[in-house]
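Got your viewer ready? Load the model below and follow along, one selection at a time.

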Amino acid sequence: MANTPQSKKRARQIERRTDVNKARRSRIRTYLRKVEEAIASGNADAAKDALRNAQPELMRGVTKGVVHKNTASRKISRLAARVKALSAA
């Protein structure tokens, strides 16, 4: 356990940041799940809209340090390819 005043403060800060990061990660997952559901339903327009809404949220997670840049780019790329294939079919 933290002993010095500074380490106690850092522990409090980490606790607060953890809650914020957890909420942000959950929000990102919700947006991604909406895209997945739209793709599964076969609705190309809904999938495009969901992807358009998910992209900024995912990149915001990158700037806040919740998700790695390459991970976010990979997810967006793969989802975009699936949405494109859906609209082409």
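Start by selecting Glu-37, which is partly exposed at 49% relative accessibility (buried means under 20% relative accessible area, exposed over 50%, partly exposed in between, with a 1.4 Å probe and protein chains only). Keep in mind that this is a predicted model, where local features need pLDDT of at least 70, side-chain atom pairs count only at pLDDT 80 or more, and totals for chains, interfaces and linings use all residues. Residues are numbered from 1 along each chain as its sequence is written, and side-chain values use heavy atoms, leaving out hydrogens and water.

Now add Arg-33: its salt bridge with Glu-37 has the closest N and O atoms 3.9 Å apart (a salt bridge is a side-chain nitrogen of Lys or Arg within 4 Å of a carboxyl oxygen of Asp or Glu). The two sit 4 residues apart in helix 1, so about one helical turn separates them (helices are DSSP runs of H or I, at least four residues, numbered from the N terminus).

Next, pick Glu-57 in helix 2, residues 44-63. Is Glu-57 buried or exposed? At 5% relative accessibility, Glu-57 is buried. Show Arg-27 too, and you'll find a salt bridge to Glu-57 at 2.9 Å, N to O. Arg-27 belongs to helix 1 and Glu-57 to helix 2, so this pair ties together parts 30 residues apart in sequence.

Add Arg-60, whose side chain meets Glu-57 in a salt bridge at 2.8 Å, N to O. Arg-27, Glu-57 and Arg-60 are thus on screen together, linked in a network of salt bridges.
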